[in-house]
Amino acid sequence: MRIVLVGPPGAGKGTQATRLAETLHIPHISTGDLFRANISRQTELGKLAKSYMDAGNLVPDEVTIAMAKDRMEQPDAEGGFLLDGFPRNVSQAGALDELLENEDMKLDAVLDLEAPEDEVVKRIAGRRVCRNNSAHVFHVTYTPPKKEGVCDVCGGELYQRDDDSEETVRKRLEVYHTQTEPIIDYYKAQGLVVTISATGPVDEVTGRALEALKRDK
Ligand code: AP5
Ligand code: ZN
């Protein structure tokens, strides 16, 4: 299956993507995680991305599309993938369509995670991420690690993302509404969108997502 996950910052895209990818046996491709891995390796791409991410803005399309394309061309993504955080504007969606068309492939579904703004703000405020792997995500009250400040998965140190400050979160939400939400209509026109509520316990949201994807097939 080839799936795009869309939803506001803090909706739980990363949390759900990890679980859905495991169940559906497809790789989880997160452009945010790819940028963060570049930042921790201090690559040129990481340095460039950080300046945009810390301000809550989108990283320029050219580098983002090239990075996503490169990841989608890895052998493990041949049979399908779950895209998290890409595409993030209509121009990236067009680039993805072109990329898939060239390979004679198409998307199966766009899963839209809906969550109210006050809830996503609470989720982001309490989020803690692993230094070793930004896909290891916890929340201080909703999904706390067994030991405070320590990742359950790998024992790494948990920290608060630089772009999770109140001011940057406000900017990220604005960017989501103005630049990312329009891709929902773009994909609705292709009949690909399935919308689910992302509120309630993590397991329930995963169940809802799997059910919606099954119904859509
Ligand atoms: P990215 O990393 O993609 O961030 P985002 O879209 O803002 O989303 P988040 O990671 O904040 O939230 P999430 O929905 O994954 O929620 P999570 O599962 O962590 O992008 C960051 C930046 O990179 C962008 O601002 C941009 O600069 C750049 N970038 C990335 N992709 C780009 C692109 N394509 N083009 C240009 N620039 C790009 O959950 C949040 C918290 O809630 C966690 O603590 C979690 O434990 C908790 N939680 C999750 N589910 C539940 C639940 N059901 N109940 C209670 N708590 C829950
Ligand atoms: Zn970890």
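**Local geometry, ligand shell and helix packing in a predicted model**

His-25 counts as exposed, because 9 C-beta neighbours lie inside 10 Å and a residue is exposed if 12 or fewer are found there. The structure described here is a predicted model, and in it His-25 is placed in the loop between helix 1 and strand 2. The phi angle of His-25 is near 55°, a positive value in a residue other than glycine. A positive phi, near 60°, is also found at Asp-104, again in a residue other than glycine. Asp-104 belongs to the loop between helix 5 and strand 4 (109–114), and it counts as exposed because 6 other C-beta atoms lie within 10 Å of its own. Backbone geometry is also noted at Gln-42, which follows helix 2 and has a positive phi near 55°, and at the peptide bond from Phe-86 to Pro-87, which is cis, with omega near -5°. Pro-87 itself is located in the loop between strand 3 (81–84) and helix 5.

In the UniProt record, an unreviewed entry, the annotation "domain: Guanylate kinase-like" covers residues 1–214. Over this span, 47% of the model is helix and 15% is strand, and the C-alpha atoms at its two ends are 11 Å apart.

Ligand 1 is surrounded by 36 residues, of which Pro-9, Gly-12, Gly-32, Gly-85 and Arg-123 come nearest. Sorted by class, this shell comprises 15 nonpolar, 15 polar and six charged residues. At least two residues of the shell are supplied by each of several elements, namely helix 1 (13–24), helix 2 (31–40), helix 3 (44–53), helix 6 (117–125), strand 6 (137–139) and helix 9 (202–216).

The same unreviewed UniProt entry carries the annotation "binding site", and the positions it covers include Gly-12, Lys-13, Arg-127, Val-137 and Gly-200. Of these, Lys-13 lies in helix 1 and counts as buried because it has 24 C-beta neighbours inside 10 Å, the requirement being 20 or more. When residues up to four places away in sequence are not counted, Lys-13 touches Leu-5, Gly-7, Asp-84, Gly-85 and Leu-113. Arg-127, in turn, is part of strand 5 (residues 127–130) and is likewise classed as buried, because 22 C-beta neighbours lie inside 10 Å. Its contacts, leaving aside neighbours within four places in sequence, are with Val-137, His-139, Arg-161 and Asp-164; among these partners, Val-137 is itself covered by the "binding site" annotation.

Helix 2 contains the buried residues Thr-31, Gly-32, Leu-34, Phe-35 and Arg-36. The elements that cover these residues include strand 2 (28–30), helix 3 and helix 4. One of the buried residues, Gly-32, is also listed with those that come nearest to ligand 1.

Helix 4 (residues 61–72) in addition packs with helix 5 (residues 90–102), the two axes lying 11 Å apart at an angle of about 35°, and the crossing of this pair is right-handed. On the side of helix 4 the contact is made by Asp-61, Thr-64, Ile-65 and Lys-69, while helix 5 contributes Ser-91, Gln-92, Ala-95 and Leu-99. By class, the residues of this contact divide into three nonpolar, three polar and two charged.

Note on methods: Residues numbered from 1 in each chain as written. Chains lettered and ligands numbered in written order. Predicted model: local features only at pLDDT ≥ 70, side-chain atom pairs only at ≥ 80, totals over all residues. UniProt positions renumbered as here; feature names shortened; annotations may be inferred. Helix = DSSP H or I, 4+ residues; strand = E, 2+ residues; numbered from the N terminus. Near = placed C-beta within 6 Å. Nonpolar A, V, L, I, M, F, W, Y, C, P; charged D, E, K, R; others polar. Axes fitted to C-alpha atoms, helices over the stretch in contact; angles between N-to-C directions. Left-handed = near helix turned anticlockwise from the far one by under 90°. Contact = placed C-beta atoms within 7 Å.
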